[in-house]
Amino acid sequence: MSVVPLPEIMDRAFKYRYGVAAFNTVDDVTMHGVIKAAEQSRSPLIVQVSVKTVKFWGVDVVRNMFVNMAGRVSVPVTLHLDHCPDPDFAKICLEAGWNSVLFDGSGLSFDENFRITREIVQFATQFGASVEGEVVGVPGVEDGVGSEMGGELLPIEQELAFINGTGIYCYAPPIGTAHGFYKAEPTIRYDRMQQLVEATKMPMVLHGGTGLTNDVYERLISLGAAKVNISTALKKTYADGFRAYLEKHPTQYDPLKLIGAVQNDVISIAESLFAVFGSKGQA
Ligand SMILES: [Zn+2]
C-alpha cells in the first residue's frame with residue numbers, strides 16, 4: 001500500500017531540501033498519468049484536487065479512484081484537497097479519507113480564519129490527516145476560488161501567530177507568486193520565505209508554481225518549499241494534448257489512442273518536473 005499521510009512525504013523533502021510536485025488532477029487520465037510518472041521516476045507524489053473537481057465527480061468517486069490507482073504503485077502517494085474555503089466541505093473530504101486539506105480562510109477576517117483553521121486541524125487529527133493553512137490570499141482565481149488581487153501582506157509576527165496558534169502542518173506563504181499564467185516577471189520574496197522557515201521550521205508550500213524558472217524553483221525549494229503546486233501547466237498540457245492529437249489525426253476515432261496520447265503528455269511533464277524539483281529517485 002503506497003497511500004501515506006502527507007508528513008511522511010513532506011518531512012523528508014523538507015529535511016533533504018527537494019520539492020514534491022502536487023499536481024491538480026482533474027480526472028482519471030491526469031490522475032493515472034501523474035501516478036504512473038511518479039512510479040517511473042521513483043518520486044514521491046502529492047495528488048491534489050480542487051473543490052470544483054471533487055464536486056464534478058463526487059467525493060467517493062475521486063477518493064476511490066485515488067486509492068485504487070495509488071494502491072497499485074510502490075512509491076509514496078498522498079491525496080490533498082486544494083484551496084477549500086468551506087469548512088463543511090473540508091470535513092466531508094477528511095471523513096471520506098483525504099490525507100490532507102488546505103483550508104483557505106484567506107477571504108475571512110484574521111480571527112475568523114484562525115478559529116476555523118484550528119477547528120479543522122482538530123477535526124483532521126482524528127483521521128490522522130493534516131492541514132495546510134493560508135492567511136494571505138495568493139493572487140489569481142483558481143477553479144473558482146480566490147481573487148485576482150490576492151491579499152495584503154501582513155506583518156510577519158501575525159503570520160507566525162497564525163502558524164503557531166492554529167497547529168497547521170504546512171503553510172502557503174504570500175511570497176509574490178500567483179495562480180495562472182504570469183503576465184509579468186514576478187518579484188519573489190525569498191526573504192519572507194527564509195524568515196518564515198527559520199522561525200517555524202515548518203515545510204512551506206509553493207503556490208502559483210506554473211511558469212516559474214528552474215532557478216526560482218531551486219532557490220525556493222532550497223529555502224524550504226517542500227510542496228510545489230502545479231495546476232495551470234497540467235491543464236494546458238491536457239488541453240493542448242487533445243488539440244494536437246485531433247489536429248494530427250482528424251479521422252481517428254479510437255478514444256483509447258486519443259486519451260493514451262494525452263496521458264503520455266501528462267507523464268512527460270510530470271517526469272520533467274520531478275527532475276527539476278529534485279524528487280526523482282527519492283522514493
Ligand atoms: Zn494555490
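Here are five exercises with worked solutions on this predicted model.

**Exercise 1: the zinc site**

Work out which atoms hold the zinc ion and how they are spread along the chain.

*Solution.* Start at the metal and list its donors: NE2 of His83, NE2 of His179 and ND1 of His207 coordinate the zinc ion, at 2.0 to 2.1 Å. Next, read off the spacing along the chain, which follows H-x95-H-x27-H. Now place two of these ligands in the fold: His83 sits in strand E3 (residues 77-84), while His179 sits in the loop between strand E6 (170-171) and helix H8 (190-200), so this pair ties together parts that are 96 residues apart in sequence. Last, check the cover: His83 and His179 are both buried.

**Exercise 2: salt bridges and their cover**

Find the partners of Arg42 and Arg189, then decide whether the residues involved are buried, partly exposed or exposed.

*Solution.* Some background first: side chains of opposite charge can pair when their charged atoms come close. The structure has ten salt bridges, and we take two of them here. For Arg42, the partner is Glu39, at 3.6 Å from N to O. With the cut-offs for partly exposed set at 20% and 50%, Arg42 falls in that class at 32% relative accessibility, and so does Glu39 at 27%. For Arg189, the partner is Asp191, and their closest N and O atoms are 2.9 Å apart. Run the accessibility check again: Arg189 comes out partly exposed at 30%, and Asp191 is partly exposed at 37%.

**Exercise 3: a charged network on H6**

Explain how Glu119 and Arg115 are placed relative to each other in helix H6, and find the network they belong to.

*Solution.* Begin with the pair itself: Glu119 and Arg115 form a salt bridge, 3.8 Å from N to O. Then look at the helix: the two are four residues apart in H6 (residues 110-125), which puts about one helical turn between them. Check their cover: Glu119 is partly exposed with a relative accessible area of 32%, and Arg115 is partly exposed at 44%. Finally, widen the view: salt bridges link Lys91, Glu112, Arg115 and Glu119 in a network.

**Exercise 4: the length and buried residues of H6**

Test whether the end-to-end span of H6 agrees with its residue count, then say what its buried residues pack against.

*Solution.* H6 has 16 residues, and at 1.5 Å a residue it should span 22 Å. Compare that with the model: the end C-alpha atoms are 22 Å apart, so the two values agree. Next, pick out the buried residues, among them Phe114, Ile116, Ile120 and Phe123. Their packing partners are helix H5 (87-96), strand E4 (100-104), strand E5 (130-134) and helix H7 (156-166).

**Exercise 5: Ala90 and Trp57**

Describe the surroundings of Ala90, then place Trp57 in its surface patch.

*Solution.* Ala90 belongs to helix H5 and is buried, at 0% relative accessibility. Skip the neighbours within four places in sequence, and the contacts of Ala90 are Leu81, Cys84, Val101 and Ile120. Ile120 also turns up among the buried residues of H6. For a C-alpha check, take Ala90 and Phe103: they are 13 residues apart along the chain, with 6.9 Å between their C-alpha atoms.

Now go to Trp57, which lies in helix H3 (residues 51-57). Trp57 is partly exposed at 37% relative accessible area. Together with Phe56 and Val61, Trp57 makes up a nonpolar surface patch with about 330 Å² of accessible area.

Conventions. Residues numbered from 1 in each chain as written. Predicted model: local features only at pLDDT ≥ 70, side-chain atom pairs only at ≥ 80, totals over all residues. Heavy atoms only, no water. Donors = N, O, S within 2.8 Å, 3.2 Å for Na, K, Ca; no water. Buried < 20%, exposed > 50% of the residue type's maximum accessible area, 1.4 Å probe, protein only. Salt bridge = Lys/Arg side-chain N within 4 Å of Asp/Glu carboxyl O. Expected span 1.5 Å × (residues − 1). Contact = heavy atoms within 4.5 Å. Patch = residues over 30% accessible without salt bridge, like charges linked within 9 Å, V, L, I, M, F, W, Y side chains within 5 Å. Areas by Shrake-Rupley, 256 points an atom, 1.4 Å probe, with all protein chains shown as cover.
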